[in-house]
Amino acid sequence: MKRRITSILASVALAAGALSACGDEKSGAEKLDLTAKTGERVAAGAKTGSFELAPAAPRSYAGLKGAATMTRGKSGTVVRVELSGLNPGTRLDSHVHEKPCAQAEGGAHYQFLKGGPEEPPNEIHVEGLVAGKAGTAVASADITEIAGPLALSVVVHDAVRGGKVACADLA
Ligand SMILES: [Cu+2]
């Protein structure tokens, strides 16, 4: 049985290899070709995750859906947040956080200099998320620094009450 599992894994690995040979970056090994402001090597390209509601999110957010995308390139980092299913007029704050959503709902804010100022440019904040009549809100942060590997999630907060509403893993 063990041998059989090994051969299945081997064929999965072969299939993944074939996909990356076709130029699908997501299925292949990450190419580390950028140096983050914090000194680590990171992969260029986009990472996207869907927002999942936080357990303590107010009921008014029950219809929230959306995604966060972080794109690293030579000229910096862009973080885009797209939300729908909001009550019109809802204002949200959003930041990049330093833990996966499964750990303390993303933990604390990602900081370039840990323990430094709790605001940009030491943190990545996505400002201006306000739901229009259709219940959608879109905003992005475009910064010249390259985010390090601990920029792992994006959390949206209720701008009035402050609590965590939803989290998206940048996987
Ligand atoms: Cu936050």
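Strands here are DSSP runs of at least two residues (E), helices are runs of at least four (H or I), and both are numbered from the N terminus.

**Figure 1. The whole chain, a predicted model, has one helix and ten strands.** The order from the N terminus is α-β-β-β-β-β-β-β-β-β-β. The chain has 171 residues, and 29% of them count as buried. Take the contacts between residues at least 6 apart in sequence: 60% of them join residues at least 24 apart.

**Figure 2. Confidence varies along the chain, and residues 5-27 have a pLDDT below 50.** The average pLDDT of the protein chain is 88. A score of at least 70 is reached by 83% of the residues. Beyond near neighbours in sequence, the stretch 5-27 has six contacts in the model. Where pLDDT is low, the predicted coordinates should not be read in detail.

**Figure 3. Strand 1 and strand 2 form a hairpin.** Strand 1 covers residues 32-35, and strand 2 covers residues 41-43. The two run antiparallel and are joined by three bridges. One bridge pairs Leu34 with Val42 of strand 2. Five residues lie between the strands. In the turn, Gly39 has a positive phi of about 100°.

**Figure 4. Eight strands form an open, antiparallel sheet.** Their order across the sheet is 7-6-9-10-3-4-5-8. Strand 7 and strand 8 stand at the edges. Each has a single partner strand, so one side of each lacks a neighbour in the sheet. Neighbouring strands are turned by 20° against each other on average, direction ignored. Strands of a sheet pair through backbone hydrogen bonds, either parallel or antiparallel.

**Figure 5. Strand 6 pairs with strand 7 and with strand 9.** The pairing with strand 7 is antiparallel and has four bridges. There, Arg91 stands opposite Val130. The pairing with strand 9 is also antiparallel, with six bridges. In that pair, Val96 stands opposite Val154.

**Figure 6. Strand 9 and strand 10 make a hairpin.** Five bridges link the two strands in the antiparallel sense. His157 has Lys164 of strand 10 as its bridge partner. Five residues separate the strands. Among them is Gly162, whose phi is positive, near 90°.

**Figure 7. The largest nonpolar core has 32 residues.** Phe51, Ala68, Val79, Leu83, Ala151, Val154 and Val156 touch the most other members. Strands 4, 5, 6, 7, 8, 9 and 10 each supply at least two residues of this core. The largest share, four residues, comes from strand 10. In soluble globular proteins, nonpolar side chains tend to be buried together. A closer look at Ala151 shows contacts with Met70, Val96, Tyr110, Ile124 and Leu170, leaving aside neighbours within four places in sequence.

**Figure 8. His97 is a buried residue of strand 6.** Strand 6 spans residues 91-97. His97 counts as buried because 28 C-beta neighbours lie inside 10 Å, and the cut-off is 20 or more. Beyond four places in sequence, His97 touches Gly106, Gly107, Ala108, His109 and Tyr110. The same list holds Leu152, Ser153, Val154 and Val155. His97 and Asp169 are 72 residues apart in sequence, yet their C-alpha atoms are 9.4 Å apart.

**Figure 9. Ala104 and Glu105 lie in the loop between strand 6 and strand 7.** Most residues other than glycine have a negative phi, and most peptide bonds are trans. Ala104 has a positive phi of about 55°. Glu105 has a positive phi near 50°. Ala104 is partly exposed, with 13 other C-beta atoms within 10 Å. Glu105 counts as buried, with 21 C-beta neighbours inside 10 Å. Pro121 is in the loop between strand 6 and strand 7 too. A cis peptide bond joins Pro120 and Pro121, with omega about 5°.

**Figure 10. Ala134 sits in the loop between strand 7 and strand 8.** Ala134 has 10 C-beta neighbours inside 10 Å, so this residue counts as exposed; the limit is 12 or fewer. Ser84 is 50 residues away along the chain. The C-alpha atoms of Ala134 and Ser84 are separated by 8.0 Å.

Note on methods. Residues are numbered from 1 along each chain as its sequence is written. This is a predicted model: local features need pLDDT of at least 70, side-chain atom pairs count only at pLDDT 80 or more; totals for chains, interfaces and linings use all residues. Two residues are in contact if their C-beta atoms, placed from the backbone, lie within 7 Å. Two strands pair if DSSP finds at least two bridges between them. A nonpolar core is a set of buried Ala, Val, Leu, Ile, Met, Phe, Trp, Tyr and Cys residues joined through C-beta atoms within 7 Å. Axes are lines fitted to C-alpha atoms, for helices over the stretch in contact, and angles run from 0 to 180 degrees between N-to-C directions. pLDDT is the predictor's confidence in each residue, from 0 to 100.
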